[in-house]
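Here is a short briefing to read with the model open beside you. It goes through charged pairs first, then a kinked helix, then helix packing.

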Amino acid sequence: MQQSNLWNWITTVDHKRIGVLYLVAGGFFFGVAGLEALLIRIQLMFPNHSFIVGDTFNQLTTMHGTTMLFLVALPILFAFMNFIVPLQIGARDVAFPYLNNLGFWLYVSGGLLLNLSWLFGGAPDAGWTNYATLALNDYSPGPGINYYVLGLQIAGIGTLMSAINFITTIVNMRAPGMSYLRLPMFTWSTFVTSALILFAFPPLTAGLFMMMFDRIFGATFFSTAGGGNVTVWQHIFWIFGHPEVYLLILPAFGVFSEVIPTFSKKRLFGYNSMVFATVLIGFLGFMVWVHHMFTVGLGPVANSIFAIATMAIAVPTGIKIFNWLFTMWGGRIRFTTSMLFATGFIVTFVMGGVTGVMLAVVPADLQFHDTYFVVAHFHYVIIGGTVTGILAGFYYWWPKMFGSVLNEKLGKWSFWFFYLGLHLTFFPQHFLGLNGMPRRVFTYEANKGFETGNLASTIGTFLMTAGVLILLYNVVRTLQKGKRAGADPWDGRSLEWAVPSPPPVYNFAQIPRVRGLDPWWLEKVHGDGKLKAAEPLGLIHMPSPSYLPLIMAAGFFISGFGFVFHSWQVGALGLVAVFVTMYVRSFQEDHGFHLQPDEMKAEGVDS
């Protein structure tokens, strides 16, 4: 029975189960990247320390950044998107359930390929940005960078598939009455994020493809000896890399826009302006990539244009901050764990945003560049924004996903350990950077003014680790003997709180009719507490599970592993498996199956 149940999870095309799978896989990679961060900070705890030195330290910093950004932050956000967005728009599933499964397994196979580098040949060591010429064969002759370029290409294909799926779902599968300006803010942020992925990932894919040809097939796209240009890689990477920051933070903004109104007992202040700000952030996110390259020497005109664009993007972000504050103003605030993460985020993110504006000032950036000031800014934004958003969403939607409520007392202990640890870790790094400590160094001399800041940073990392361990204990304890959650434990406002916890496989027995913004709240306050149906009760079509995505992802994995070690036969064999699977799928007639109304009534659904 257990084996059968595991197979059901592997082959599932149910968006809710795939959301849980993303959560589990992202949590695993979060543990790996967190351990790497802990090792980095232990090495830097004292001057002239020799715990982890040289190339091993370079591999740690590279893999920590790469894993956190590509395999942790976005996939865990994808977990929430997969589970929650179809429920919020009144749909029964995503537009392409099969593609949803394939996208997940491609992400897993790419992530595993990347992390197997630790065991077979050595990990990537050129930094998470993988700059040429450091990443070319002359300076990194081992297979490490091959793992990077191939693993991220495979995982990136899955990410692109998911983005296309979310866009199609939101455009075509909204319930009747769910106009664009009635979409919940989390759905809006998913929509804009998916558009960012659609336009930002192809440049990265092209750059990785060229880097692969330079390293494996002897091309010279980035090799100056063959007429290539190393600066081109920086442009390609940051044309992806800066929208990447916004596609990580926008879903977190969406989470806070759900959490703050719910626990303030008020409608979100300035909904239309929040939508406009979200779209504008997505648009401006593509116009600021050169602020990562102020020291390259592009000239005063280019630097000035991108400095102004960088400062301009603070305006829509500021609109969001004030709207959240005005939502809380005069509200009946309940400081649940989710709300603590949301309010703590505002303070932290404003600090990260201010240092971002400082970095946009070109003469100042010439001093800040490649120092720990940049590290501090980046982590204040990503951990203070994205990770706190993930944790707020985790506590907020856990009852909907698993049918039980996480322990609030343990949750608050977890919050305070994590939040205080975050500030103790990264606040001193601003001053380390201002005092001249360069980033990506594995040691430093004594009596240079770096000892206290680094010691404090490492202690802060241990506090953050304690916060995460308390969260894990909370999860295990709740799964074993947690308090059961009703359909609407938080007195929520959007449609996901109108269905049982966890939701049935078909989500809604009848597709609901939406009568306004915050549709579930409207029905509770101005209706009879039940959703209005937009269709009669009848047969529900459900898609069939499939094992083909797993085979296709395994083919990509085998091919990638072959090309890492220049084994053309193994590389070709994996690609043959991929194309054969695609061929089989193209002729497969998948009619799915239907659920009868009496089957739904048997589950206690009110029709």
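How exposed is Lys524, in terms of relative accessible area? Lys524 is partly exposed, with a relative accessible area of 25%. Please keep in mind that this is a predicted model. A search of the whole structure finds eleven salt bridges, and three of them are described below, starting with the one that Lys524 makes.

**Salt bridges: Lys524 and Lys265**

- Lys524 pairs with Asp488, and the closest N and O atoms of this salt bridge are 2.7 Å apart.
- This pair links distant parts of the chain: Lys524 sits in helix H16, while Asp488 is in the loop between E2 and E3, 36 residues apart.
- Asp488 counts as partly exposed, at 22% relative accessibility, where the partly exposed class runs from 20% to 50%.
- Lys265 forms a salt bridge with Asp491, with 3.6 Å between the closest N and O atoms.
- Here too distant parts of the chain are linked, the two residues being 226 residues apart: Lys265 belongs to the loop between helix H7 (230-264) and helix H8 (271-284), and Asp491 to the loop between strand E2 (483-484) and strand E3 (512-513).
- Lys265 is partly exposed, with a relative accessible area of 28%, and Asp491 is also partly exposed, with a value of 26%.
- Lys265, Asp488, Asp491 and Lys524 are joined into one network by salt bridges that share partners.

**Salt bridge: Arg267 with Asp518**

- Arg267 makes a salt bridge with Asp518, and the closest N and O atoms are 3.6 Å apart.
- Arg267 lies in the loop between H7 and H8, and Asp518 in the loop between E3 and helix H16 (519-526), so this pair ties together parts that are 251 residues apart in sequence.
- Is Asp518 buried or exposed? Asp518 counts as buried because its relative accessibility is 14%, and the cut-off for buried is under 20%.
- Arg267, its partner, is partly exposed, with a relative accessible area of 42%.

**The kink in helix H13**

- Where does helix H13 (residues 372-402) kink? The kink, of about 45°, lies at Tyr396, shortly before the proline Pro399.
- H13 is mostly covered, with 29 of its 31 residues buried.
- Gly403, just after H13, takes a positive phi of about 80°.

**How the helices pack**

- Helix H2 (residues 15-43) packs against helix H3 (residues 54-88) at an angle of about 155°, and their axes are 7 Å apart.
- H2 and H3 are therefore roughly antiparallel to each other, since angles over 145 degrees count that way.
- The crossing of H2 and H3 is left-handed.
- Which kinds of residue make up the contact of H2 with H3? They divide into 24 nonpolar, ten polar and two charged residues.
- H3 also crosses H7, at roughly 45°, and the axes of these helices come within 11 Å.
- H3 and H7 are therefore oblique to each other, and their crossing is left-handed.

Key. Residues are numbered from 1 along each chain as its sequence is written. This is a predicted model: local features need pLDDT of at least 70, side-chain atom pairs count only at pLDDT 80 or more; totals for chains, interfaces and linings use all residues. Side-chain values use heavy atoms; hydrogens and water are left out. A salt bridge is a side-chain nitrogen of Lys or Arg within 4 Å of a carboxyl oxygen of Asp or Glu. Helices (H or I, at least four residues) and strands (E, at least two) are DSSP runs, numbered from the N terminus. Buried means under 20% relative accessible area, exposed over 50%, partly exposed in between (1.4 Å probe, protein chains only). The bend at a residue is the angle between axes fitted to the seven residues ending there and the seven starting there. Axes are lines fitted to C-alpha atoms, for helices over the stretch in contact, and angles run from 0 to 180 degrees between N-to-C directions. Angles under 35 degrees count as roughly parallel, over 145 as roughly antiparallel, 65 to 115 as roughly perpendicular and the rest as oblique. A crossing is left-handed if the near helix is turned anticlockwise from the far one by less than a right angle, and right-handed if clockwise. Ala, Val, Leu, Ile, Met, Phe, Trp, Tyr, Cys and Pro count as nonpolar, Asp, Glu, Lys and Arg as charged, and the others, Gly among them, as polar.
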